[in-house]
Amino acid sequence: MRPDDPLLAILACPLDKGPLALLPEEEALYNPRLHLSYPIVDGIPQLLPSSGRRVDADDHERFLTSLKASAT
């Protein structure tokens, strides 16, 4: 999945229905509100609620830094 993929605009977290951020280096979509990471397997986002992986505080900060850097 690429950052300019139009699918990103319509994908939502299955739990809070909010937007997800692409983490290309992690091959995952990230919900910073719930600290959940959803894997992308063979280009297909795995968005079942049970697919979400809880992210610890250190990884959360690293992901937010990465997202801010890619937004500029």
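**Exercise 1. A salt bridge between separate segments**

R33 is partly exposed, with a relative accessible area of 40%; buried means under 20%, exposed over 50%, and partly exposed in between (1.4 Å probe, protein chains only). The model is predicted: local features need pLDDT of at least 70, side-chain atom pairs count only at pLDDT 80 or more, and totals for chains, interfaces and linings use all residues. Residues are numbered from 1 along each chain as its sequence is written, and side-chain values use heavy atoms, with hydrogens and water left out.

Task: find which side chain meets that of R33 in a salt bridge.

Solution:
- Step 1. A salt bridge is a side-chain nitrogen of Lys or Arg within 4 Å of a carboxyl oxygen of Asp or Glu.
- Step 2. By this rule there are three salt bridges.
- Step 3. R33 is paired with D16, at 2.9 Å from N to O.
- Step 4. D16 lies in the segment before β1 (21-23) and R33 in the loop between β2 (28-31) and β3, so the pair ties together parts 17 residues apart in sequence. Strands (E, at least two residues) and helices (H or I, at least four) are DSSP runs, numbered from the N terminus.
- Step 5. D16 is partly exposed too, at 31% relative accessibility.

**Exercise 2. A salt-bridge network**

Task: determine which residues are linked with R62 in a network of salt bridges.

Solution:
- Step 1. One partner of R62 is E26, with the closest N and O atoms 3.0 Å apart.
- Step 2. R62 is in helix α1 (residues 57-71) and E26 in the loop between β1 and β2, so this pair ties together parts 36 residues apart in sequence.
- Step 3. R62 also bridges to D59, where the closest N and O atoms are 3.1 Å apart.
- Step 4. R62 and D59 are three residues apart in α1, and therefore about one helical turn separates them.
- Step 5. The network thus consists of E26, D59 and R62. R62 is partly exposed at 41% relative accessibility, and E26 is partly exposed at 30%.

**Exercise 3. The two sides of α1**

Task: state which residues of α1 are buried and where they lie around the axis.

Solution:
- Step 1. The buried residues are H60, F63 and L67.
- Step 2. They cover an arc of only 65 degrees, which puts them on the same side of α1; the arc is that of the directions from the helix axis to the C-beta atoms.
- Step 3. An α-helix has 3.6 residues a turn, so residues three or four places apart point the same way.
- Step 4. The face turned away from the buried side carries the exposed residues D58, T65, K68 and A69.
- Step 5. The buried residues pack against β1, β2 and β5 (53-54). H60, at 9% relative accessibility, touches Y30, P32, H35 and V55, not counting residues up to four places away in sequence. Contact means heavy atoms within 4.5 Å.

**Exercise 4. The nonpolar cores**

Task: list which residues make up the largest nonpolar core.

Solution:
- Step 1. A nonpolar core is a set of buried Ala, Val, Leu, Ile, Met, Phe, Trp, Tyr and Cys residues joined through side-chain atoms within 4.5 Å.
- Step 2. The largest core has nine residues: L8, L11, C13, L20, L22, L29, L36, Y38 and I40.
- Step 3. Strand β3 (residues 36-41) supplies the largest share of this core, three residues.
- Step 4. A second, separate core has six residues, among them A21, Y30, V55 and L67.
- Step 5. Beyond its neighbours within four places in sequence, L11 is in contact with M1, P19, L20, L29, P45 and L47.
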